[in-house]
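Q: Hi! I'm new to this one, could you walk me through how the chains meet?
A: Happy to, let's bring it up first.
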Amino acid sequence: MITLQLVLLVSSALFCLGLAIVLLRRNAIIMLIGIEVMLAAANLNFIAFWRYGAEPGSLTGVVFALFSIAVAAAEAAVGLALILLVYRHFRTIDPGRLPVAHD
Amino acid sequence: MNLTASGLLFFAFAVLTLGAGTAVALVREPVRAALVGALCFVGVGLLYLWLGAEFLGFIQWLVYVGAVAVLIVFVILLTRREDAGGETEGGRFAGLRVLGGLGVALALFGALAAAVLGSGSLYREVPEEPMVLEIAALGRELVAGAVPPLILVGVVLTVALVGGVTLALVERKPDA
Amino acid sequence: MDPLLPLIIALPLLASVVLALAPAGLARRIALGFAFAGLALALAAVLRYDTAVGGLQFVFRYDWIPALGAEWYFGADGLGVLLVLLAGLLGPFALWMTPPELPLPRLFFALMSLLQAAALGVFLSLNFVVWFLFWELALIPAFFLIKLWGGDRAGPAAYQFFLYTMTGSIAMLLAFLALFRATGSFDFIDLAEAARAGELMPSLAVGAPVAAGLVFAGVFLGLAVKVPVVPFHTWLPDTYAEAPAGVSMILTGLLSKMGLYGMLRILLPLFPELMQAWMAPLLVLALASILLSALAALAQTDLKRILAYSSINHLGYCLLGLFAVGAAAGPAAGLAAGREAALAGVCFQMFSHGVTAATLFAFVAVIEARSGGLRGLHDFGGLRAAAPMLCGLMGVALFASIGLPGLSGFVGEFLIFKGAFGLVGGWVALALPGLLLTAGFLLRVLLRVFSGPLPERWQAFPDLTRREGLMLFPIVGLMVVLGCFPGLLLRLFHSGFALLP
Amino acid sequence: MTETATLFLALALIPLPPLAAAAVLLFMPGRLRRPAGAIAVVAQALALFASGTVLVRVVAGGDGFREVLNFTWFQLGAETVVPLGLLVDATNAPVLLMVSLVGLLVFIYSIAYMGGDPRAVRFFCFLSFFSAAMLGLLVANSLLLLFICWELVGLASYLLIGFWFQKPAAARAARKAFIVTRIGDLGLFLGMIWLYREAGTLLFYDGGAGVLETAVLGGLAAGAAGGMTAATAIALLLFIGAAGKSGQVPFHVWLPDAMEGPTPVSALIHAATMVAAGVFLVARAYPLFEASATALSVVAWVGAATALLGACIAVAQREIKRILAYSTVSQLGFMMLSLGVGGPVAALFHLLAHAFFKALLFLGAGSVSHGCGEEKDVLRMGGLGRRMPLTFACYGIGMMALAGFPFFFSGFWSKEAILHAAQAWPVSPGPFWIALAATFLTAFYMSRQMLLVFFGRARSEAAAQAHESPRLMTAPLVILAALSVLPLVVATPAWPWFEALVRGGEAQWALSRLLAPEVWPLLAGSILLVGAGVGLAWWIYHPGRREAAGRDPLEDRLGAGHRVLAEELYWDRTYDFTVVRACRWSGRLAAALDRWIWGGAVALAAALARLFSALADRLDRRGLNHGFDLGCAGLRAGGIGLHRAHRGQLHFLLTTLGVGAVGLLLLLAWL
């Protein structure tokens with residue numbers, strides 16, 4: 001059967017995948033996807049602990065995940081808008097090429 | 001370890017999710033990367049469904065696949081340019097960077113996995129009764145104990161939306 | 001638990017937050033609205049204060065950091081209520097007299113409100129930690145107000161002000177830490193009780209006999225710089241002269257009262273033995289504050305500097321009364337009348353000086369605004385011909401400052417001298433020439449600025465505008481009313497002083 | 001309503017109408033000059049009426065009549081109640097009548113004199129304010145209330161002297177008056193708080209507990225402190241106040257300068273009423289002074305010195321108002337002298353008589369200079385008797401009253417009473433002889449002024465074209481002239497009604513007393529002295545003489561002495577060189593002290609702090625940090641290299657972050 005450990009392993013893998021996306025890609029939008037993946041992995045943790053928890057009657061984990069999704073959506077909206085703005089100014093969305101990233 | 005149908009289904013969803021995630025890291029074309037990213041979110045939603053949180057799964061699809069992914073595609077299209085769209089993968093230390101990134105990610109995974117596997121308390125079977133998330137209960141929970149955060153989230157979302165639109169709408173200076 | 005006092009303190013704090021967010025164009029109106037609301041609250045406190053009972057009223061206590069002895073502990077006796085009223089009055093007054101075109105109006109008004117809140121907090125807190133918090137909080141807005149909106153040499157003046165008062169504060173903080181170590185309490189009331197029972201001095205002197213003296217000196221230094229007492233006053237003329245008008249009004253009207261209030265609230269009840277033992281040097285300092293500052297004022301030619309020295313001079317009378325009371329601390333019953341009169345005089349003088357000095361600074365600001373920044377004694381002449389209302393009202397304020405009977409300044413001085421003469425006799429006689437010198441330098445202002453032929457360039461000197469008159473008339477009227485009916489304020493002290501032995 | 005209540009209603013009505021008038025006029029637009037004058041006059045008339053009622057009541061009350069009404073001003077705690085009070089007795093009732101009457105006449109005169117001034121409304125406002133304060137001073141039954149009104153009349157005087165503030169001399173004179181009298185006021189203030197400490201009250205009469213009643217006075221006279229009794233010290237301090245206000249030597253310097261104010265002001269305030277406040281104070285507090293022989297001696301000697309000095313200086317003055325001002329100083333000296341030698345009734349009567357004829361003389365002087373184009377120098381006048389007959393006649397009466405012409409003028413009898421009291425003073429004959437000398441000089445300088453102004457030929461163009469003043473100005477002169485004559489009937493030795501009123505007792509009519517052996521030689525002697533003074537003046541200034549205009553024949557006869565007198569004994573200059581200069585220098589000293597000593601200490605502390613920080617900085621940089629810097633430089637070089645390797649700094653940072661996270665996690669697991 002599927003144990004909690006297994007689910008957590010999957011979520012850890014998903015998190016590290018998100019991290020890898022952020023670290024490997026040089027496109028701000030894709031990096032944003034990576035961040036969202038990491039958030040999804042965290043949410044998966046919440047749900048897993050809710051499902052396998054001692055008190056399934058309490059809906060804390062679900063509620064938390066719900067809020068997390070909402071905040072993530074807000075973050076995505078603002079982040080994308082910022083990226084758009086950055087692109088208009090600098091004509092690039094490579095964080096490494098932005099003049100502000102240098103000293 | 002005997003695999004039941006439900007167990008198989010879990011593995012299938014997990015593989016789909018992780019595979020799509022790996023694809024995001026590897027696909028060079030941003031639009032495609034975004035699309036496989038959406039697939040990854042679909043997988044996460046399926047995992048939610050499998051864990052019994054149907055409502056959350058549908059929310060995940062609605063928000064991530066329906067809204068965020070589409071938004072991302074739009075932005076990619078808006079920022080596409082011959083000279084800037086592609087990534088600058090070159091450079092003297094590009095290989096080092098990729099290696100570093102991968103190394104860190106793998107190391108982190110190793111550490112996390114070790115932690116997860118090393119903890120005996122996490123070795124739990126799934127409860128026999130299939131758990132169903134009652135939406136009505138969730139609603140009660142939300143309006144009973146979590147009204148201020150709910151309102152706050154509403155405010156945050158609205159502000160984020162307005163802020164996003166405002167940022168995106170900033171007039172271009174005539175001389176720029 | 002009465003929420004009135006926390007409300008009184010919180011209102012200006014709220015005002016500063018709202019102002020920071022409000023549109024710049026509305027900043028002045030919002031600030032004035034809050035200030036008038038504060039005045040209404042202050043009036044409510046005065047009216048609700050039960051003079052038949054007296055003592056501490058409106059007490060509010062709420063634990064903050066029990067381990068440190070810190071507690072949100074507010075309460076007001078007659079003096080506290082009086083000073084709240086003063087603060088409530090000067091708040092709208094100072095904002096009203098601030099010139100309309102002002103850079104960064106939001107920040108200015110927000111800082112002014114913060115300053116107001118700090119002063120109110122000092123007047124109402126009964127726990128040292130909270131009190132000291134407000135005490136230091138006052139420094140920050142004052143520093144920025146002087147530095148950002150002050151005159152040409154505002155930068156150095158602001159730094160001088162800040163460092164000077166900070167030095168004093170540190171001395172006071174150390175002294176209070178020593179006090180805390182000895183007694184385990186930061187509570188003014190508890191400490192006063194201990195002092196009354198004669199336990200404070202022995203517990204302080206456990207480590208070393210000089211410890212008590214050092215603690216006293218530290219507290220005194222912190223308060224003396226703020227008042228200021230000569231010779232710790234050199235920051236004051238520069239600061240008052242460089243600060244913008246509204247800030248000078250608050251500085252002289254409220255901040256100087258913080259030091260005196262501290263002396264009444266801390267020095268007198270906590271260290272009666274030391275006040276008595278150190279009576280001679282303290283009285284010498286009071287006399288120096290009265291006489292040297294008056295003489296120095298005679299040698300000034302800048303109106304604001306004259307008023308600054310005049311402020312030191314007038315607070316010197318308060319010091320005289322205060323130290324006389326300290327000198328006569330003790331159980332002798334025959335001194336009670338003198339002590340009561342002197343303390344009432346000190347309190348009345350604090351209020352009266354707050355109003356009068358602030359008004360005079362406001363008038364100088366009005367003159368400065370009309371003359372394009374000129375405020376030298378010799379830059380003017382004969383202004384009475386061009387601006388009779390301005391000069392008439394300012395004349396009333398000047399005479400109130402001189403201490404003419406029928407105006408508010410007289411009552412305080414009379415009571416101080418009356419009370420102090422019964423306590424320390426000869427010292428008081430030495431202070432009398434100060435009254436003459438005060439008249440001397442203030443009449444010099446009247447003579448040089450208002451009298452004589454009107455120079456050509458001031459022919460069109462505008463009189464008070466309706467807006468200015470709307471604020472200045474009632475304030476000057478208040479001086480007359482208080483001079484004729486001092487009982488209106490003095491009734492607050494019918495039942496004596498809560499914290500004094 | 002009881003009789004007492006009616007009385008106090010009347011008493012309250014005395015100062016209140018002028019006060020109300022002042023308040024109304026304060027807010028009156030400047031163009032309503034005529035209504036302003038009318039309001040002031042009506043209010044003053046009300047006060048006069050009330051004063052008359054009160055006097056009638058006092059006279060009817062008979063022996064030692066005294067009514068008091070005390071009330072609480074404010075209270076603090078259980079211990080201290082500060083009361084004020086009102087009082088009527090024979091001491092203040094006649095003075096009240098005099099002040100309101102002279103005030104009314106001067107107000108009427110002012111309508112004509114100041115009618116053209118653009119700030120006439122303000123003038124009447126100040127004048128009414130003065131009147132209210134002065135009347136309040138008179139009715140006070142508390143030294144505190146008296147002091148309050150005392151300061152307020154000082155303020156009114158300041159405002160009115162400096163009424164023409166555009167004139168620098170007027171503004172200066174106003175300040176001088178305020179400051180000099182304030183020196184005296186401080187004495188009064190100290191005396192007051194001292195008295196408060198000793199007696200526990202400031203009420204004059206309080207049913208046996210007042211400061212002027214025997215219980216308290218006994219205590220004051222008994223306790224000795226520093227070689228004198230409390231009564232002596234307090235009385236002397238009060239006298240300093242009185243001397244300041246009443247222009248006694250050495251505080252007299254402000255009074256002649258005060259003539260820079262408009263003439264009605266000089267007449268009312270600086271001749272008739274306010275300057276007499278000092279005399280009134282001593283008369284009011286007389287029981288206190290009587291408790292101390294020392295204090296009375298000081299009063300007598302200071303009065304005598306003032307009487308003589310004022311008369312001497314008046315001899316050599318040229319300005320018509322200045323002569324009168326010094327004459328006022330001298331006469332106030334007479335009053336003080338009388339108080340000091342134990343003749344308070346004579347002093348009070350001289351106060352009343354002097355008020356009428358001196359107001360008359362000032363108003364006459366105003367009429368004269370008004371008539372000849374604001375000319376003030378008596379040496380440039382002459383022959384005005386023909387051109388201004390009415391003024392001449394009234395002025396003549398005033399002059400004769402002041403100079404002490406026998407029998408028909410009040411001044412003669414009041415001066416006679418003073419001389420009589422001085423003669424009877426057991427302590428020293430000095431004041432008596434001084435008073436005689438002053439009497440002679442008074443006759444001389446008044447005759448001199450009379451001859452120079454009204455007789456002989458006109459010595460200037462303006463004097464030649466002089467004209468009589470309008471009726472509104474001359475009418476008060478006529479009334480005042482009558483008043484300079486009339487009061488004599490109540491105070492001759494033949495019928496000492498006034499003395500009986502003040503002292504108590506019944507006045508008996510007995511003409512024979514004039515021929516009593518202790519009375520007639522003095523009468524005859526003083527008549528001779530006055531005659532000598534007038535004769536000397538006639539000899540020097542007879543109308544037929546032919547001197548150049550603006551030349552005083554006395555100058556040639558007295559030589560250097562005249563110069564000293566004309567310069568007013570260099571009094572002002574001495575003050576300028578000593579007191580004023582001392583003040584200025586100590587002011588500079590205090591400012592320098594501030595700047596260099598206290599400020600210097602602060603600067604020194606700042607410099608030391610800076611020095612220490614510089615030292616510490618150097619130590620850090622040269623000593624401690626050198627090795628560290630080397631290491632740092634290596635690190636920085638490495639860092640720069642690494643930085644170069646990672647153009648995309650963000651990713652580098654993120655990777656580092658990840659490494660850190662892994663490390664932390666491992667650390668956690670290992671622990």
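Q: How far apart are the closest C-alpha atoms of chain A and chain C?
A: They lie 23 Å apart, and no contact (heavy atoms within 4.5 Å) joins chain A and chain C. This is a predicted model, where local features need pLDDT of at least 70, side-chain atom pairs count only at pLDDT 80 or more, and totals for chains, interfaces and linings use all residues. Residues are numbered from 1 along each chain as its sequence is written, chains are lettered from A in the order in which they are written, and side-chain values use heavy atoms, with hydrogens and water left out.
Q: And what about chain B and chain C?
A: No contact there either, with the closest C-alpha atoms 17 Å apart.
Q: Which chains share the most contacts, then?
A: Chains A and B, out of four pairs of chains in contact.
Q: Switching to chains D and C, how many residues are in contact?
A: On chain D, 49 residues are in contact with 59 residues of chain C.
Q: What area is buried between them?
A: About 4500 Å², with 76% from carbon and sulfur atoms; buried area is the accessible area (1.4 Å probe) that two parts lose on being put together, summed over both.
Q: How many salt bridges cross that interface?
A: Zero between chain D and chain C, counting a side-chain nitrogen of Lys or Arg within 4 Å of a carboxyl oxygen of Asp or Glu.
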